[in-house]
Structures are given as C-alpha cells and as structure tokens.
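Reader: I'm new to this kind of thing. Could you walk me through what's in front of us?

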Amino acid sequence: MYKYDQYDQSIVDARVAEFRDQVERRLSGALSEEQFKPLRLMNGLYLQLHAYMLRVAVPYGTLDSRQMRMLGHIARKYDRGYGHFTTRQNIQYNWIKLDEAPDILADLASVEMHAIQTSGNCIRNISSDQFAGAAADEVTDPRPWAELIRQWSSFHPEFSYLPRKFKIAVIAATEDRAAMRLHDIGIEIVRNADGEYGARIFVGGGMGRTPMIAPEIKAFVPIADLLSYLEACLRVYNRHGRRDNIYKARIKILVGDLGPEEYARQVEEEFVAVKALGIDPPQAEFDRIAAYFADPAFETDAPTDIDRSDPDFAVWIDQNVVAHKASGYSIVTISLKPTAGIPGDASADQIDLMADLAERYSFDELRVTHAQNIVLPHVRTADLYAVWTALNEAGLADANIDLISDIIACPGLDYCSLANARSIPVAQKIQARFADLGRQRELGELKLKISGCINACGHHHAGHIGILGVDRKGVENYQLLFGGSGAEDVSLAKITGPGFSEDGIVDAIEKATDVYLREREGGERFVDTYRRVGMQPFKEAIYG
C-alpha cells in the first residue's frame, strides 16, 4: 500500500496546525459558526443532531494494521467506543468534541491518515474495488491509478470549489464491486486487443434526489492520458455546472441536460488544451507509485484443502470467503452486520482484533467495503479456521455476506440532521425477522439498502430491495423500492406504491420475499425474478 513521502506528510501536518488555530479561534469567539463552518467542513467535521461528526478518509478502502489500530484508539479515546464504516469506504465518528478534533487529526497524521476532502464541494475520497490486488477476475490492480487520482485531486486549486461534491470510483474487473456507474465519474481499467492499458470512462452517475446511471463517455482513453482526460471532464463541469440550485448542481444534471454526446464532444475539445499542459506523470512516477502495490510474497504451493467438518465454519466459508488470484489463498469478508447490530459499526476492541488478524494472517492489509464490511484480502487458505475462530469469539463471524441481513444503512435520524426518518431501527427489525441463517440462505443473494432521506447515503436506489425514509406530516414513513443494482448489471430501483410504518415495511419485505420464493426459477436471485415477472405480483401481495 502507498506510503507518504515528505510532501504528503508535510501537507497533512500543516493542515493539522492550521485547523488547530481555527478551532482555538472558534472556541474563543473570534470566529462565528458561520465563519467556521466552511473551515471545519474542509477537514471532514460536521455538526450533527447531538454532536460533531468526523469523517476520516480511507483512500480506495486500503488500511494497514497500524492505521486500523489508530481508528480503534480514536473510537476509544474520543468517541463512545466505536466507529461507523461508510459506503464511501471511510469511517465516521459520531460523538466528537470540538476542542479535541485537532488532537484527532494529529493522531491520524501520525499514521499517514487525514480527514481532508471528506466533505465540501470538492473531489471526495477516491473509492475502488475492495478485492483489488487479490481478485482473480481483474486485469490489473486498479489502486495505483486510484492513488494517482488521489494525488492529482488533493488540493487541486481549480476543483476545490466545484458546483457540488464529486465522487470517483476506479475498478479493473468484469464484476463491479464498487457501484462504479453510480458515481460522478466511473473508471474501468481495461486492456485493448494489443494488450495496452486504458480507461473506460463513465460520467454523470449518482443517487440522491435524481438518481442516474452514468453513460459511457469514452470507451478507451490511453492510460498515459488519464489525468488529462479527467481534468477535461472536470473543467467542462466546473464551467457549466449550475451553482444557482443545489438540487441541480451535480454533474449528472449537466450530462443529462447537454446529452452524453455533446458533453463528450466538449470534453474532447477541452482535452486537447489540457494535454498540452503536460500534467500526466512520466512513466517513472507511475512506476514509483505502482511499486507500493506489488503483490505480497505469496507462498508457493500453499495448501488448498479446507477441513469443513465444523458446520458453522463451513457455512462461513461458503458465504464470506471467495477465491484469490493466488493458489492457496483466499479473500475473507468480515461482516459488520450482526443480528440486532448497527450496520457498519465496529467497537474499538473489534477494530483492534481485525488489525491483529490482518497483521498476522493478511500481509498487514485490510480493506473497507462500500457495503460497510471489512476485508482481509490475502489469507492463506490453511489459516481460515484460525481466522474464523478469532472472529467468532469477537462476535464478528456472521456468515451473511450478500444476504438479506447484510444491510447497507445510513445513520438516519438517530444521528443525521438531514434525515427525515430513522434507518437503524428498521435495519435491526429486518435482521430480527430474518435472523434464521437457513432462511436467509434459501433466499440467496438479496441486497437490501436503507436511506433515511432523499440524499440516498444508504444507496436505496441500488438495492434489490430499497427503503427510503420520508416525513409524512411529522410521521416517519418508509417507501419500498424493488429492482436496483449497483453491480455490473446496474439498474435503479422503482417505488412500489404508498409507504409504510416502521413495522409495516418489515411485513411488506417479508411478503415480497414470499412472492420471490413462489415465482423464482432455477438460479434466479430476487432481482432476477423481479425483472422477469415485473412489479405486479409483488404489489398484489404487499397491498392486497
């Protein structure tokens, strides 16, 4: 994984000192809240319902054990003993005291971490495939390019005050594990017939009030031109993106208004001017970055056999472990979705344990997933039982990845000042209703996602089943959606009809799963059956 050089470290240290001074001035009254707000947001600090919330960047979701332990330390010392992993592969702390925020940033800087550009109208944390560098289906590890984009976008003077926040995802596999086409810019690293690397570019995706799937803007950008092409994409947006209406400020609105063809034409025109500036790095610089992402020293001829005599372990293997590109190794996903738990939350002790397991069993590497779980990317298959045993003792061995209880959920009205309804209690009630693992496995892959407001931080538009919390004359109400996907079969979910109460939405989901079990044909997932039979059978069962 990438390590800071002296420039990275000096930049982050300088920002910590700057923010410490700003906080001191706010506490003394020299700065009003109105003056302080844009300054704190530049450092990932939000004022929520009950306290300040700090969002920490985890670039392309990659951490080492030292950094993970620091996240546990912050949870223990500065929060209430836990952290919340997010759909942007970041971590949030919900109970931060303002006077301690600079100390947290200083602690983060000591392990090459920060909270810069995790909020505000700028390019946010670059996300990627949580299996990058380990997956058997990727053409290359996309993280060197994600790191290159991170360096290009950090403190970019032209893109520090965009019309609206901006999100970029980079993948390099046929399976999209990062919801790439639901980003402002989605990048798929590909190879052409001559074996040359390039980038397939999608622009104008996003969720929120107006969900859109990003159209393909260019099928193949030579990899040596990638930064210039991205710069051109952002320049066109920065020039024409609306600043008079926050609801129409995202690039998806611009692409929709211009049309993909006209937007692409303007990008091509701008690209000619940008390319002449020489901003693309020399090959030697890319090679320097790529060296940090070289494969670990995988053991040759590592054993591949697994003793499945323990039935609980066997189920966990089936559900939470996938094949690695190296023989004798496996990719382990640790579920942060226990029954009655808060999706994405982990205690300080659990964070420390995951750091210990990464150091001992996964070449000192962890990943945060956009589904709010944690990955150990490089585990010897022979060590799987030891890993599972440790996770089981810590309450982290739920075998439910991609099942109905593996719910993506935003913090909702329990924490967020923007929310209209609570997400966490609904998730917990659904988990309780479907607590039986045998029942979950009978339903198979079923991605359920909950947002507490139209901003869609819980990605409800991309759920096989989505739930949107709304306010109906002061009462929390929940709309039900079917048919979404953030994967390579990307689609947007559709609302079924009138909303439900908190208990009613759980009943409606159970009725929908009954329809699925009745109607499905061999090998179909919930979303496949829905696409084949349509909405009507589900509506008849749900609404009578």
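Author: Sure, and one term first: Ala, Val, Leu, Ile, Met, Phe, Trp, Tyr, Cys and Pro count as nonpolar, Asp, Glu, Lys and Arg as charged, and the others, Gly among them, as polar. Keep in mind too that this is a predicted model.

Reader: How do the residues lining the second largest cavity divide into nonpolar, polar and charged?

Author: That cavity holds about 120 Å³ of space. Of the 13 residues that line it, the closest to its centre are H114, I116, N125, R150 and S154. The lining as a whole divides into 5 nonpolar, 2 charged and 6 polar.

Reader: And which elements give two or more residues to the lining of the largest cavity?

Author: The search of the whole structure turns up 5 cavities of 30 Å³ or more, and the largest has a volume of about 180 Å³. Y2, Y4, P59, Q67 and E112 are the closest to its centre, out of 15 lining residues. The elements you're after are β3 (62-63) and α5 (143-153).

Reader: Let's switch to strands. Which residue in β9 stands opposite E188?

Author: Strand β8 pairs with β7 in parallel through 4 bridges, and there E188 is the bridge partner of I171. With β9, β8 runs antiparallel over 7 bridges. On that side, the residue opposite E188 is R200.

Reader: How far apart are the end C-alpha atoms of helix α6, and why does that agree with its 15 residues?

Author: Helix α6 covers residues 226-240, and at 1.5 Å a residue it should span 21 Å. That agrees with the model, because the end C-alpha atoms are apart by 22 Å.

Technical notes
Residues numbered from 1 in each chain as written. Predicted model: local features only at pLDDT ≥ 70, side-chain atom pairs only at ≥ 80, totals over all residues. Heavy atoms only, no water. Pairing = 2+ DSSP bridges. Expected span 1.5 Å × (residues − 1). 1 Å grid on protein atoms, 1.4 Å probe; cavity = no way out; pocket = protein on both sides within 12 Å on 5 of 7 lines; lining within 4 Å. Points joined across faces, edges and corners; volume = space filled by probe spheres on them.
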